[in-house]
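Biologist: I should like a close look at a single part of this predicted model, set in the context of its surroundings. Please take the part in turn and then follow its connections outward.

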Amino acid sequence: TPKLERRISLGAGSDGDTDPDPSDWAARLAGWRVGVDFSGQISRRRRTDPSRDNVYHFENWALHRSPWRHFRHLVALPVSATAQRLIFPDLVALGLFSAGISYLNLEVLTNPISLPYVPFILTSSALGLLLVFRVNASYTRYDNARQFIGQMMNSSRALIRTSMTKVHPVHPYLCRRLIRLTRVFPRVLIFYLTADGDQNTTLGHGEKELTDEEVETRLSEILHKLMGGEAQKIMEVSTNRPVKVLQMISITVAAADLDPVIANRLDIEVRELESVVGSCERILRTPMYTSYTRHTSRFLFTWLMMLPLVLWPMCGVYCTPATMMIAYSLLAIEDIGVMIEEPFDILPLWRAVEMVDDSAEIAVAHLCEEREYERMKRSEQQRNKKQLQGSPSTMLPQQTREEQAAAQAEASRKM
């Protein structure tokens with residue numbers, strides 16, 4: 001919609017009211033509130049919200065590849081999503097603990113307390129492997145989710161195209177119903193995979209969050225615009241609405257009584273959508289092995305808490321900033337892995353809905369053009385038929401032949 005496009009258009013400011021140039025990152029930094037959407041990211045409403053990338057276009061890729069990207073990223077560090085999430089309580093707690101160690105060694109204790117660095121060297125490799133494996137496994141889940149959403153888009157487009165070319169010539173009403181149900185499916189899928197219907201994408205920066213009742217009301221309004229009274233049938237199913245929509249699509253295909261080859265083709269696309277639902281459920285319902293996550297978190301935080309005792313003999317009073325820098329680097333890796341483990345909260349899911357809607361609008365526009373062409377063709381045929389029936393020139397060939405015969409007979413008598 002235009003309102004949605006204005007709010008999360010490429011380079012939209014964090015306040016959702018202006019659209020500065022995507023390359024004007026300094027202006028975005030000056031207008032920062034909670035989060036700044038660099039390189040097409042969607043603005044955040046809370047400090048603890050993760051980064052959510054928007055779909056990329058040419059301007060975003062140019063900014064992404066810019067030779068000044070390192071300086072831009074460094075300047076934006078204070079407003080980065082990862083830094084804002086880690087600054088409290090993690091970095092604050094580590095900084096206070098490190099400052100306390102420094103105070104004790106400088107002002108209280110005659111013999112400073114410290115730890116040998118050899119155990120840290122031996123365990124750093126294991127800690128690095130734990131973090132790398134954690135992020136790699138989480139990114140695999142994130143990439144699979146993107147592929148499933150892409151598969152949903154492709155199957156929906158194929159279903160719309162097949163309905164338009166194969167079903168519409170036989171059953172125009174059922175074709176329009178199939179197109180509407182295909183547009184409904186990604187919408188109910190988004191509300192099924194997220195707690196709030198991906199309101200991070202659809203709501204502006206300054207708007208309040210929706211309650212559970214408001215989310216249900218919003219979904220009901222969206223479905224009512226597409227399906228009318230039939231939306232109530234979908235809303236009555238509270239467990240798995242995407243499966244209900246797929247059942248309605250299958251019933252519609254069966255009612256059309258199509259050729260078995262065409263019906264099988266449509267059924268293949270429905271099965272693809274059903275596979276998408278099951279695959280997304282697997283990611284949503286099954287996290288990574290939780291003991292692995294907890295052990296990595298305990299190992300990392302304990303290692304960082306002991307780090308000031310190792311750095312004190314080498315850094316002295318500078319062990320606190322050194323600890324903070326090292327802690328941020330390692331905690332950021334672990335935090336990114338946790339954020340992308342559940343990918344549906346950070347993917348721009350409503351962009352997929354808009355792309356499916358674009359395909360449906362193209363199909364509907366084509367059907368309208370086709371109906372207009374048929375209407376004009378029928379009008380032209382009727383006009384030509386009336387001209388042929390009402391014109392006296394239609395008797396001209398017969399009259400000409402009679403006159404020619406009479407002239408020939410008169411010439412024969414004279415001879």
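Modeller: A residue is called buried when its relative accessible area is under 20%, exposed when that area is over 50%, and partly exposed in between. Threonine 82 has a relative accessible area of 13%, so this residue is buried. Its place is in helix 5. Apart from neighbours within four places in sequence, threonine 82 is in contact with Tyr328, Ala332, Asp335 and Ile336.

Helix 5 itself covers residues 81-108, which makes 28 residues. From its first C-alpha to its last it reaches 38 Å, close to the 40 Å expected at 1.5 Å a residue. The helix nevertheless carries a kink of about 65° at isoleucine 87, shortly before proline 89.

The UniProt record, an unreviewed entry, lists residues 86-105, 117-137 and 300-331 under "transmembrane region". In the model, the span 117-137 is 95% helix and 0% strand, and its end C-alpha atoms lie 30 Å apart. For residues 300-331 the end C-alpha atoms lie 8 Å apart, although that span is 91% helix and 0% strand.

The charged side chains offer another set of connections, since the structure holds 11 salt bridges. One of them joins aspartate 345 to arginine 52, with the closest N and O atoms 3.3 Å apart. This pair links distant parts of the chain, 293 residues apart: arginine 52 is in strand 2 (residues 52-53), while aspartate 345 is in the loop between helix 14 (319-341) and helix 15 (349-390). The two partners can be set side by side: arginine 52 counts as buried at 4% relative accessibility, whereas aspartate 345 is partly exposed at 26%.

Another salt bridge is formed by arginine 134 and glutamate 341, at 2.8 Å from N to O. Because arginine 134 lies in helix 6 (residues 118-167) and glutamate 341 in helix 14, the pair ties together parts that are 207 residues apart in sequence. Here arginine 134 is buried, with a relative accessible area of 1%, and glutamate 341 counts as buried at 11%.

Arginine 183 and aspartate 357 form a further salt bridge, the closest N and O atoms being 3.0 Å apart. Arginine 183 lies in helix 7 (residues 172-193) and aspartate 357 in helix 15, so this bridge ties together parts 174 residues apart in sequence. Aspartate 357 is buried, at a relative accessible area of 10%. Shared partners join Arg183, Arg187 and Asp357 into one network of salt bridges.

Helix 7 and helix 15 also appear in the nonpolar packing. The largest nonpolar core has 58 residues, and those with the most contacts inside it are Met152, Val184, Phe185, Leu223 and Ile249. Two or more residues each come from helix 6, helix 7, helix 9 (212-227), helix 10 (231-235), helix 11 (241-256), helix 12 (260-285) and helix 15. Helix 7 gives the largest share, 13 residues. Leucine 223 touches Val184, Val188, Gly228, Ala231, Ile234 and Met235, leaving out residues up to four places away in sequence. A second, separate core of 22 residues includes Leu94, Phe299, Leu307 and Trp312.

To return to the part requested, threonine 82 is thus a buried residue of helix 5, and its contacts include Tyr328 and Asp335.

Methods
Residues are numbered from 1 along each chain as its sequence is written. This is a predicted model: local features need pLDDT of at least 70, side-chain atom pairs count only at pLDDT 80 or more; totals for chains, interfaces and linings use all residues. Side-chain values use heavy atoms; hydrogens and water are left out. A salt bridge is a side-chain nitrogen of Lys or Arg within 4 Å of a carboxyl oxygen of Asp or Glu. Helices (H or I, at least four residues) and strands (E, at least two) are DSSP runs, numbered from the N terminus. Buried means under 20% relative accessible area, exposed over 50%, partly exposed in between (1.4 Å probe, protein chains only). The expected span of a helix is 1.5 Å times one less than its number of residues. The bend at a residue is the angle between axes fitted to the seven residues ending there and the seven starting there. A nonpolar core is a set of buried Ala, Val, Leu, Ile, Met, Phe, Trp, Tyr and Cys residues joined through side-chain atoms within 4.5 Å. Contact means heavy atoms within 4.5 Å. UniProt positions are given in the numbering used here, feature names are shortened, and annotations may be inferred rather than shown by experiment.
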